Amino acid sequence: MDSGPLAVHLAVRQCINTLSTSRDITEVTEALRTAGRYLSGTEDDPPACQREEFARAHYTKLLQFLISNLNAHWLELLTPEQHMDLWVSLFLNGPPDQVLLVLLDCVNSCSMSSGLERGLDVLEYFLQRGRLSALLWATCQGPPPANSPQLRDALLSRLVALPDLLANRLQEHTRPAFQPLHYYPLLARELSVALERTCQALREEMFGVLVPCLSALTQSDFVWKRVCWQLVESVPDRWMEGVVSGLVQTVDGSAALSRLLGNVVLKNKKAQFVITNKLLLLQYKYKTPMLQSLLGYLAEDSGRRPLLIQVLKALCGTWSSCSAVKHSPIEQQLYISKALLICLGLLRDSEVLEHREELLQCMLSGMQCHLDSSIPRVHHLGKVVGESLSARLDPGGTRLQFQYELDTETKELLSLLSPPPAHQQPPETLPPDSRTEPAPKSPSSEREEGKAGVPAARPIKQHSSDSELDSDDELTPYDMTRDGELGGALAPRYIRDCLEALTSSEDPGKVEVSLGAAEGLIKKNPAATREVSVELVKVLLHLEDRFNTQGFLRLRQRAMVSLTVTDTLAVTGYLTTEFYSLNYSLRQRLDILEVLALAAQDLSQPTSANSAPSKHKPPPLIQPVSTETAPDLQGTGQHWRRVVDQRIESKTRRFGKGAPRTGSSAAPSRFAPVAGCFFFPLLRNYDRPQVTFDLLGSDHLVLGRLVHTLGVLMYFAVNAPVATQMGKALLDFVWAIRYHTDPVVRQGVLFAVSAVLLSVPNERMFSELSDEMLEARAWLGDVAEADPDADCRGLAGQSLLLLEKILKKSIGSPSRGPNDQALQL
Amino acid sequence: MALPPPDPQFVLRGTGAPVNTLHFCCRNQEQDKPLLFSGSCLEPEDEEDRECVGRTWRGISLVGPDSQQQRCPDQVSTVDYWHDQQGGTIVIQGRDLRVCMWDLAEGRSVVTDSILTESVGFCQCSLLDREGGHWLLAVPGADMAAVRVLDLPSKTPVCTLKPDAKLGMPMCLKLWQPDSGSSPLLWAGYEDGSVSLWNLSERSLLSRLACHAEPVMSLDFDPGKLRGVSGSSEKAINSWTLDGQQSLKLQDSVELVNPGISHLCIREDRRILATAGWDHRIRLLGWKKLKPLAVLQYHTDVVQCVAFSDHDVPNKRLMAAGSKDQRISFWSVYNQI
């Protein structure tokens, strides 16, 4: 079996025999599987030499056999998956040149039949799965085989003329994929892919081989160093960038880089531009080690040191520039922050002192830009860099301190501040081949093993000490079921007690319990709630987390939401007025918006069976509690009714007793009549700045949330009569801020527009909002193409799609009812 | 079906202030005249009259106290701990930074001597009877981390024990004289949650075990089994053993329902452990395996101390618990053998 070529030969013969004679489906699949293993088997099964042998000598034979048996009976027996996995994959995983030749031969030789159809299917797969580029790449890769000229000519002519060949054969039955219109673009794409891979491979190979070699040689030999420097310095300007960036990426560490590059950065303008500008400020695709070796290279030599300062200033300028923070992608900002931190780590104290003023200036303005940004990651980045900068500027004195989570990104950033140890154990001393010898066992790992030995011995000891026979059993335990958690203060029973506890109690337990009970109390007795609703919502809005209550924000929010749902008019009136009034923190304003959005959601949901009595539903069987009956009669009346009902229920036989159909019964939306109360007051005062709150100015985070909330309200107002007016007002409002500089606001605007599209009935949209829609369409197209923020582009694209769809639909069936697309909130 | 937990045998209500500590004294008394000392702090009616009281309860027995109370010395201090001595002297530690010796013999109540502790912590002192009319008294020292040991009645300082590591204040102390006749040892629980064993004559730390994450509130030790137990403000009680090399090992841990142990005590017959909990409950555990036996619910506030009586007749032994709700409850548990 192991004797290479012969074994393969036998195996293939056996496969072919089985396939041609056997009528047993399991034997057939097994044979196909065996053949497939030579193409895509795991590493050692079958051995690599056998696989090569198979691809060289037997693959074409096997393919020809398969093609000549396209009508074989067993092909009908395979399930679609087996067909794909076993049979088609035999064509898709092998050397593509052989496959293409065999398939085209088959097309030429077969008559029209279902077999030919199968062959064409495979050919189509072959094109779709990118096998053409594999073919091109394979011919780029290895040395040409012996019979190359003829084979290559044959391949080329077939590749070029594939549509003609097929059209000649198939006449008008040729498939779209084989028509020149589709085939040649495909071929061109595959060509470019193959070329790209070739270029990449060449570059990698070149530097991958050259650089370790050079860096090892230059380590001790000065002549080699000179040769290297001369080599780099005499690279023509046009290629300098390629050489430098290639070197920088492959070199391991700054010391090696400076041995290879010498002072080329001082002598060659182009190299200087690439190193100090292009690689740091313009491109941001490189990895952190590259940054470290590049900046380390600049710091290594006193001649290059001024360049480091220059780079630092440039980085600072970019980091602290507001427009860069606003408009450049977050990845680039991360890259620049990393470079800045590495620079800081490399600076000497004297240099820091010398440039202290400029750095301080940079820190101050940069901090402001970053903290103004509403994207959390930028925020975060600013805090980390600012903290490091201030620590470096005033090592002993006061420094900035922020609170932030220590995630992996932060840790990586902070670790950059300490420069990597310059002279680690240098791998360059070893010739490249001997690197693979196993590292000697480090003493630390041995120590760990030693440690692990100690606890292993411990349990045994514990057992021995425990083994004496104990006789606690003679003491019979008492009942301990009443030993429950100590529940602190008692929960209030009435909403007024709850209100009082929240306003005046100093007892943490009581406040916590009251807050937890608030939502239930509010829902339990709506009448009592209405009496105090505004007062309670005021208290909740101003409530502070004095006692670090668990789940404080959620409890408070749920209580406010249920208040809004219970007494909608009064509470929304209060909240929407307070949103624009003086002396609220941004957090409170954001809370108001969140509560309004959540309440709208609650109201718009169909009421479940047992909350909120609905007159249209048949009364539930066993609880005919009517509020009209006198309270004293209620008790007894309820009692006998229940007994009678139960009796009837037990005697009644039902056929097909299914689930009660309360879920599907229609109920009027509770949100529709009050949507205006939520919506219009929020639109009223946005352009009146106050001392503490300037919506169109610096408070763009709130503006973004406001627009988003309005979008949410709009979305829930679907099918409400007022939706059209709301949509019109909302579009008017967002129109003014659609080119806002903050991406969060723009995202809110896009969301609001898509909510309008979803909620306003189609026919009204085109009768009343046609102008706005036309403008919106042009604007959306603009945003989808040119917005710097990726999320904005995505949202705009979705809205555009939605708009087109609605347009198409309303043209197709102008009287279609309300739409019911789902919108992700 | 397990029996419902027992109710208290009787309750003393007269203290008028949270009960901080209890001490039985039943031996060496005339028949049926066992004593209970309770220490509490009277709520100040006005700042001047901050009266803190120790009381002696006479004649505690299974049928209830005969004579109610004998008003003991009035003094501006919180009484934390008593110990009865042969001459009817009791030792009272107060929050006024003093430990006073009172002569109670023949109905007297006079301060005979006092020691300035200079410590403002919560740590209770510990007294050890040595042969020949001498006692050792361990009190927290002026330095927050140190423990002073004095000889009584001469008041000569024996040693001052201060750990090298930062363990915080000592929270509870217990002196112990091993049977082997070597020098007395001191158990101390510290603020950082560790329990330490000190040798008094060598003034050295024999062993230390970090067994809690929170300050050790109370500890007790069983010299027979060389096994001790400690409680903290956590949700667990830990027991630990002392091996032949004088080193401490964590042995067992019992999870509680509610956090916080203010005091714990092993009964003299070493069968039962009682704990006073912040959750207003007294818990009883079997001492051998720390098997939970009962949860006694009566008090309406934090239970601050538990004590077992040392009555000669085992059947008459009671357990007392003092609570912040100003009551002392008496229980008869696991007395039938």
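This passage looks at the strands of chain B and at a surface patch on chain A.

The model is predicted, with local features needing pLDDT of at least 70 and side-chain atom pairs pLDDT 80 or more, while totals for chains, interfaces and linings use all residues. Residues are numbered from 1 along each chain as its sequence is written, chains are lettered from A and ligands numbered from 1 in the order written, and side-chain values use heavy atoms, leaving out hydrogens and water.

Chain B has 27 strands and zero helices; both are DSSP runs numbered from the N terminus, helices being H or I over at least four residues and strands E over at least two. Of its 337 residues, 55% are buried, meaning under 20% relative accessible area with a 1.4 Å probe and protein chains only (exposed is over 50%, partly exposed in between).

Four of the strands of chain B make an open antiparallel sheet in the order β21-β22-β23-β24, where pairing takes at least two DSSP bridges between two strands. At the edges sit β21 (261-266) and β24 (292-297) of chain B, each paired on one side only. Strand β23 (residues 281-286) of chain B runs antiparallel to β24(B), and five bridges join them. Across from Ile282(B) stands Leu296(B) of β24(B).

Over on chain A, helix α11 (residues 222-233) gives three residues to a nonpolar patch, the most of any contributor. Trp224(A) lies in helix α11 of chain A. Why does Trp224(A) count as partly exposed? Because its relative accessibility is 33%.
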